[in-house]
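Student: Please choose one part of this model and take me through it closely. I would like to see how its strands are paired, and what lies around it.

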Amino acid sequence: MIFKVLAAGELEKFFELLVVNKLIGPVERGPAVDGRLLFDFAEVAEIAELRLDFTQTVHSAKKYLLPYLEETGVFVMEGSDWEKRVDYGAHQPLVLFGLHACDINALNKLDKVLLAEPYPNRFYGAKRAAMFIIGHSCRPTPACFCRSMGADSVRHGCDLFLTPLGDDYFVEIMSSRAFHIMESLDLREPTRRDHKRFQEQAKHRGNLLTAEVDATDLTKILDMEFDSTVWNEWGRRCLSCGTCAQVCPTCYCYGLEEVVALDLAKGAKIRQLYSCNLLDFAEVAGGYNFRPESRTRLKYRYYHKHRGFVEAFEEPLCVGCGRCGTNCLAGITVPEVIASVRRGEVENG
Ligand code: SF4
Ligand code: SF4
């Protein structure tokens, strides 16, 4: 990896180089009902719109790779002929500016599933290849437990990563594309003092990570506690609303629907992101639902993320961003659920 230092005054020049493309970054969205300031990713045209001091966006950058609704193919009839049209939706380069380590690691996890042969998701792959990603160090919230999930720092998955050091930015250059873009900027070699400041920043950030999940032997404990009564209590609380999957940067489950025009001249196959907590997620042809209870659906979500995915890829399908807990109307958080499985009871249950 190549380390450089960029004077903060050069950031605008860097932004101007990139904004000739469509550029997405964190913007402010006003206060939530509890007074918290809300942020989200959106298209940005001026550097002043960027809120690089954001804590957490409501949605992750997943929405630019896995849109909520996506046509996977359109069928058009012309006379007795028909034509299939496929549009991967990657018409122009997209710059993602300001992703935190957890969200970059979330994309790395999605890559493992969605780019894997023999059936890669070409819609996801085309968009991922057209992206230039700039990471930015974060301001942890009390809900963040990324360190427990090994997702609090980035080794790959972006083009470069910025860490503010007072008046400067510590720059980690991770791709040749980034290297060539940075050549036109006024960069300097980091000094011993810069390295120290970078490490102090990392330590300070680590001290702010107060939430945690004990992942020791978690796959085995989940196997042992499959019939634990804690799932009944969490199932009783869960509203089966699907919000957790909607905001989660690593949830990728979907449903496919075919729609046909009344005159049969056109049809489309539409992919829609879905949630394993929704009532009909496990409903099959004939109307049989093999997970009709919220406790089994909620349990499945935890077993997929913290057991099945770990067995397949040696890592959890969770980056500890805390979004699911922050946005759950029932107050269900990953640290609480995992701790309750270990304890054998739900606090205030
Ligand atoms: S865990 Fe929370 S956010 Fe997820 S489906 Fe249940 S109530 Fe909704
Ligand atoms: S499960 Fe929750 S904490 Fe984990 S990545 Fe998804 S939204 Fe973030």
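Tutor: Start at Leu160, which stands opposite Ile173 in strand S9. Strands are DSSP runs of E with at least two residues, helices are runs of H or I with at least four, and both are numbered from the N terminus. This is a predicted model, where local features need pLDDT of at least 70, side-chain atom pairs count only at pLDDT 80 or more, and totals for chains, interfaces and linings use all residues. Residues are numbered from 1 along each chain as its sequence is written, while chains are lettered from A and ligands numbered from 1 in the order in which they are written.

Leu160 belongs to S8 and also has Ile134 opposite. Ile134 lies in S7 (residues 131–136), which runs parallel to S8 (residues 160–165) and is joined to it by 3 bridges. Two strands count as paired if DSSP finds at least two bridges between them.

Now turn to the other flank of S8. S8 and S9 (residues 168–173) run antiparallel, with 6 bridges. Thr163 faces Phe170 of S9 across this pairing. The two strands form a hairpin with 2 residues between them, and Gly166 there takes a positive phi near 65°.

S9 also pairs with S1 (residues 2–7), again antiparallel and over 6 bridges. Phe3 has Glu172 as its bridge partner in S9. Lys4 has Val171. S9 is largely enclosed by the rest of the structure, because 5 of its 6 residues are buried. Buried means that 20 or more other C-beta atoms lie within 10 Å of the residue's own; exposed means 12 or fewer, partly exposed is in between, and C-beta atoms are placed from the backbone.

Step back to the whole sheet. It is open, with 8 strands in the order S3-S2-S6-S7-S8-S9-S1-S10 and mixed pairing. S3 (37–43) and S10 (187–188) are at its edges with a single partner strand each, so one side of each has no neighbour in the sheet. Strands of a sheet pair through backbone hydrogen bonds, either parallel or antiparallel.

Leu160 has a further role in packing. The largest nonpolar core has 63 residues, and Leu160 is among those that touch the most other members, along with Ile24, Leu96, Cys146, Cys158 and Val319. The largest share of this core, 6 residues, comes from helix H2 (residues 101–114). Such a core is a set of buried Ala, Val, Leu, Ile, Met, Phe, Trp, Tyr and Cys residues joined through C-beta atoms within 7 Å. In soluble globular proteins, nonpolar side chains tend to be buried together.

Ile24 shows the packing in detail. Leaving out residues up to four places away in sequence, its contacts include Phe41, Val44, Tyr64, Leu94, Leu96 and Phe97. Contact requires C-beta atoms, placed from the backbone, within 7 Å.

For contrast, look at another sheet. It is open and antiparallel, with 4 strands in the order S5-S4-S12-S11. Strand S5 (81–85) and strand S11 (254–260) are its edges, each pairing on one side only. S4 (residues 69–78) and S5 share 5 bridges in the antiparallel sense. Across that pairing, Met77 has Trp82 of S5 as its bridge partner.

Note on methods:
Two residues are in contact if their C-beta atoms, placed from the backbone, lie within 7 Å.
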